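Here are a few exercises to work through with the model open beside you. Try each one before you read its solution.

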Amino acid sequence: MGNGTSIGRVRGLGSAHEGAHHWLVQRFTAIGNLILLLWLITSFALLPGFEYETIKSWLSQPVPAAAMVLLIVSTFWHARLGLQVLVEDYVHEAGTKFGVLALLNLATIGGGVFGVFCVVRLALATAAPDAAAALPAGAPM
């Protein structure tokens with residue numbers, strides 16, 4: 001690549017130009033999390049109560065359901081980005097780093113999917129009859 005000079009030997013071995021993007025996305029998800037969390041706290045403060053039926057009816061509306069899904073996705077994405085940096089900085093063996101990052105991805109994707117599933121299930125629960133009431137007495141759930 002180079003002509004044997006010091007700069008020629010190291011040219012092309014620098015930054016992958018991904019750090020700034022990663023840093024910006026982490027800051028944007030942090031701002032999004034802050035805004036959505038403030039919305040969630042305000043929404044909870046305005047609810048008449050915290051019973052299951054109240055939360056279910058509140059979450060069956062499109063705006064609260066969409067905002068909750070956004071909060072879940074943004075939170076897990078932000079956590080993944082932050083923990084990825086932690087692993088990349090402090091885990092030095094390549095095989096261990098790969099395994100920990102794979103587990104991190106599985107955990108954050110799994111947690112996010114579970115959270116979105118729970119919101120969707122609650123949001124659509126008003127249209128479906130209660131599954132527990134449809135089971136005969138003594139049937140396992």
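**Exercise 1.** In which helix is the place of threonine 29? Then work out whether this residue is buried or exposed, and list its contacts beyond its sequence neighbours.

*Solution.* Keep in mind that you're looking at a predicted model.

- Step 1: find the residue. Threonine 29 sits in helix H2, which spans 19–46.
- Step 2: check its accessibility. The value for threonine 29 is 5% relative accessibility, so the residue counts as buried; the cut-off is under 20%.
- Step 3: look for partners, skipping anything within four places in sequence. That leaves Ser74, Trp77, His78 and Leu81 in contact with threonine 29.
- Step 4: compare chain distance with distance in space. Threonine 29 and valine 73 are 44 residues apart along the chain, yet their C-alpha atoms are separated by 9.5 Å.

**Exercise 2.** Describe the overall make-up of the protein: how many helices and strands are there, and what share of the residues is buried?

*Solution.*

- Step 1: count the elements. You should get six helices and zero strands, giving the pattern α-α-α-α-α-α along the sequence.
- Step 2: look at burial. Of the 141 residues, 25% are buried.
- Step 3: look at contact range. Take the contacts between residues at least 6 apart in sequence: 65% of them join residues at least 24 apart.

**Exercise 3.** Find the largest nonpolar core and say which helix gives the most to it.

*Solution.*

- Step 1: recall the background. Nonpolar side chains tend to be buried together in soluble globular proteins.
- Step 2: size up the core. The largest one here has 13 residues, and Leu40, Trp58, Leu59, Met68 and Val119 have the most contacts inside it.
- Step 3: trace the contributors. At least two residues come from each of H2, H3 (52–59), H4 (62–90) and H5 (94–124). H4 gives the most, with five residues.
- Step 4: zoom in on valine 119. Beyond its neighbours within four places, valine 119 touches Leu59, Ala65, Met68, Val69 and Ile72.

**Exercise 4.** How are H4 and H5 oriented to each other, parallel or antiparallel? Do the same job for H3 and H5, working from the angle at which they pack.

*Solution.*

- Step 1: start with H4 and H5. Their axes come within 10 Å and cross at roughly 170°. Angles over 145 count as roughly antiparallel, so that is the label for this pair.
- Step 2: see who makes the contact. H4 brings residues including Met68, Ile72, Phe76 and Leu83, while H5 brings Leu101, Leu104, Gly112 and Val119, among others. By class, the contact has 14 nonpolar, six polar and three charged residues.
- Step 3: turn to H3 and H5. These pack at about 95°, with axes 7 Å apart, which makes H3 roughly perpendicular to H5.
- Step 4: list the residues. Tyr52, Lys56 and Leu59 of H3 meet Val119, Leu122 and Ala123 of H5. The class count is five nonpolar, no polar and one charged.

**Exercise 5.** Which residue forms a salt bridge with lysine 56, and is lysine 56 buried or exposed?

*Solution.*

- Step 1: recall that side chains of opposite charge can pair when their charged atoms come close.
- Step 2: find the pair. The structure holds one salt bridge. Lysine 56 pairs with glutamate 53, with the closest N and O atoms 3.5 Å apart.
- Step 3: place both ends. Each lies in helix H3, and the two are three residues apart, about one turn of the helix.
- Step 4: check burial. Lysine 56 has 13% relative accessibility, so this residue counts as buried.

Definitions and conventions
Residues numbered from 1 in each chain as written. Predicted model: local features only at pLDDT ≥ 70, side-chain atom pairs only at ≥ 80, totals over all residues. Heavy atoms only, no water. Core = buried A, V, L, I, M, F, W, Y, C linked by side-chain atoms within 4.5 Å. Buried < 20%, exposed > 50% of the residue type's maximum accessible area, 1.4 Å probe, protein only. Helix = DSSP H or I, 4+ residues; strand = E, 2+ residues; numbered from the N terminus. Contact = heavy atoms within 4.5 Å. Axes fitted to C-alpha atoms, helices over the stretch in contact; angles between N-to-C directions. Parallel < 35°, antiparallel > 145°, perpendicular 65-115°, else oblique. Nonpolar A, V, L, I, M, F, W, Y, C, P; charged D, E, K, R; others polar. Salt bridge = Lys/Arg side-chain N within 4 Å of Asp/Glu carboxyl O.
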